[in-house]
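You asked for some notes to help you find your way around this structure for the first time. The points below are meant to be read with the model open beside them.

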There are 2 protein chains.
Amino acid sequence: MSGQRVTLAHGSGGRLTQTLIRQVFGDLFQNPILERMNDAAVIQAEGEGRLAFSIDGHVVNPLFFPGGSIGEIAVNGTVNDLAMMGARPLWLAASFIIEEGLLLSDLRRIAEDMARAARRAHVLLVAGDTKVVERGKGDGVYISVAGIGIVPPGVNVDAANARPGDVVLINAPIAAHGMTIMTLREGLHFESDLKSDTAPLNEIVADLLDAAPHVHAMRDATRGGLATALHELAQTAHVGILLEENAIPVHEAARAACELLGLDPLYVANEGVFVALVPPEEAEAALAAMRAHPLGRHARRIGTVTQEHRGRVILRTALGSNRILPPLSGDLLPRIC
Amino acid sequence: MSGQRVTLAHGSGGRLTQTLIRQVFGDLFQNPILERMNDAAVIQAEGEGRLAFSIDGHVVNPLFFPGGSIGEIAVNGTVNDLAMMGARPLWLAASFIIEEGLLLSDLRRIAEDMARAARRAHVLLVAGDTKVVERGKGDGVYISVAGIGIVPPGVNVDAANARPGDVVLINAPIAAHGMTIMTLREGLHFESDLKSDTAPLNEIVADLLDAAPHVHAMRDATRGGLATALHELAQTAHVGILLEENAIPVHEAARAACELLGLDPLYVANEGVFVALVPPEEAEAALAAMRAHPLGRHARRIGTVTQEHRGRVILRTALGSNRILPPLSGDLLPRIC
């Protein structure tokens, strides 16, 4: 398919759409459900548990970047949204909105990344749709991925469950994804080890829930960064969150890039970072479980949930003063994920 | 919100994203699941049955047209994909990719159409996501909607189940949606009663399955029209399909528009038309059930499934000759749905 590009006719729903799907996605997502070529996938859900259901659109620019691509973050993003509810992610469905002129080889690379990410996260892509828009009415490809997971009986993770006294844990250093995209877009290639942290968090979350079954709430710190994610949790549960600035791990190269560009790493997007709000009696076990997983080697306790400052996130700075962290206002950089 | 437009900052994931969601979607989709503001919706599925799961992207241009809008077809499209598997559609999740500069009032109108369509189809929107792309990198808004339905025990509708001898039934005249969009885009406003047929098919399908529980296969005739939908069924089930040209109902104004533009109505997109392949012993009951529903008043028997011509659709013309109907090749008109 070298040099071939997507045309509007690839979006007709007819013969050429079938050709595109076969050429680009054909062998990558083979599974008995997808192969039936029906209007919807029919799935036999086994065992007990509630369903978790989510959707996430991805418009990241550029499509490929150090550490990943739009394909990887599209799969991992939905896997992680499901994992944040304590669900075991199982099935994905993907909608591609493709700009006329996209190289088929680029679309293929993206599909390969999605297939690899799906294998890594142990999820199946069971349904999909492709549309094509005219040149100049898109930007390569936008991908929305929906996912279904099963929340095992007994697991009850919900933003609203956060309680004063809960310990705030984080799995990994912040700011790598956002600063990777930002330095790439600004043409600053100075940090050789700066790459996106995109990763599926379902496995580390499963380990965490095994060790600490009463985790109250979790959230991944994507668009808007750690500060915005915690602000949402504080608002939803009507609690305060007190963070220790000294304790928050920041990716070293990302910190340097933030300083250069005058940005606060607390507001920079991540694709493999999450926070867990854990009752104090399970905090040690939770931290140990996170550290035992490759995606949690640098896990830390970064703060506590408080009765005071309800609905707010407070940062206790290195100098000992308190600073309110509002949610992100305006936008650091569009098209980060 | 009169005159206000979507800005890139509305896509930040921070405060302005929350404001946009409240302003535009706030009161329209109230339900206890969505209100929890979690990363994924958690649903208690009740009763038995397999899950049906589908996704469909919508890029129709223009956003508003006689008979509907992108909002209505985005909801109905996914409802119908689920219904085609015999599923009872229950929950939807929507991903919005919005172009900077879209009027908030237009987005609001679209959201209102989605809410109305969801109420009509008795489905709940339980999760969503919004992204914003720069002016010129989109076209107003693209909407991908994923859906989950439950396939009741005993229902086994599948493209692969079509059998020689099955009767092919259709619920409504074809070509209205595609010709509505096409005449609008061509600036031909001559047909005053030409409007999109967008409609939720889940209720008529439920009535059909009550009356004829052994329906083998169904498909809605969207992109690529009736000919392409039947071709897909013929290919998947390795059967032939013989259509009687005289029997196929064509929307009258759409037929006139097709003649003017030199198009074949068999390849024009529909948004409220489906075919059912029914064993002959249940065909009469099936047809009666379809005709008893407002969306099936003009239901007809249009053909039969054959052992000959496997993988092909054959049209017996009004003149008595046979013509092969291949799937749509090329594209009549991009951005039809």
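**Notes on the sheets, two helices and one buried residue**

1. In this predicted model, helix H6 of chain A (residues 225-237) lies across strand E8 (167-170), E9, E10, strand E11 (274-278), strand E12 (300-306) and E13 of chain A, and the helix runs at about 150° to E9(A).

2. The strands just named belong to an open sheet of chain A, in which seven strands follow one another in the order E9-E11-E8-E12-E10-E13-E14 with mixed pairing. Its edge strands, each of which pairs on one side only, are strand E9 (217-220) and strand E14 (322-324) of chain A. On average, and with direction ignored, neighbouring strands of this sheet are turned by 25° against each other.

3. Within that sheet, one pair can be followed residue by residue: strand E10 (residues 240-244) and strand E13 (residues 313-316) of chain A run parallel and are joined by four bridges. As an example from this pair, Ile241(A) has Val313(A) in E13(A) as its bridge partner.

4. A second open sheet draws on both chains, for its five strands are arranged in the order E1(A)-E2(B)-E7(B)-E5(B)-E6(B), again with mixed pairing. Here the edges, pairing on one side only, are strand E1 (41-43) of chain A and strand E6 (124-133) of chain B. From one strand to the next, the twist averages 15°.

5. In this two-chain sheet, strand E5 (residues 88-99) and strand E7 (residues 141-151) of chain B run antiparallel, with 10 bridges joining them. One position to look up is Pro89(B), whose bridge partner in E7(B) is Gly149(B). Helix H3 of chain B (residues 104-121) lies across E5 and E7 of chain B, and this helix runs at about 15° to E7(B).

6. Turning to a single residue, is Val75(A) buried or exposed? Val75(A), which has its place in helix H2 (residues 70-83) of chain A, counts as buried because its relative accessibility is 1%, whereas the cut-off for buried is under 20%. Leaving aside residues up to four places away in sequence, Val75(A) touches Leu92(A), Met114(A), Ala117(A) and Ala118(A). Val75(A) and Arg116(A) are 41 residues apart in sequence, while their C-alpha atoms are 9.4 Å apart in space.

Definitions and conventions: Residues are numbered from 1 along each chain as its sequence is written. Chains are lettered from A and ligands numbered from 1 in the order in which they are written. This is a predicted model: local features need pLDDT of at least 70, side-chain atom pairs count only at pLDDT 80 or more; totals for chains, interfaces and linings use all residues. Side-chain values use heavy atoms; hydrogens and water are left out. Two strands pair if DSSP finds at least two bridges between them. Axes are lines fitted to C-alpha atoms, for helices over the stretch in contact, and angles run from 0 to 180 degrees between N-to-C directions. Contact means heavy atoms within 4.5 Å. Buried means under 20% relative accessible area, exposed over 50%, partly exposed in between (1.4 Å probe, protein chains only).
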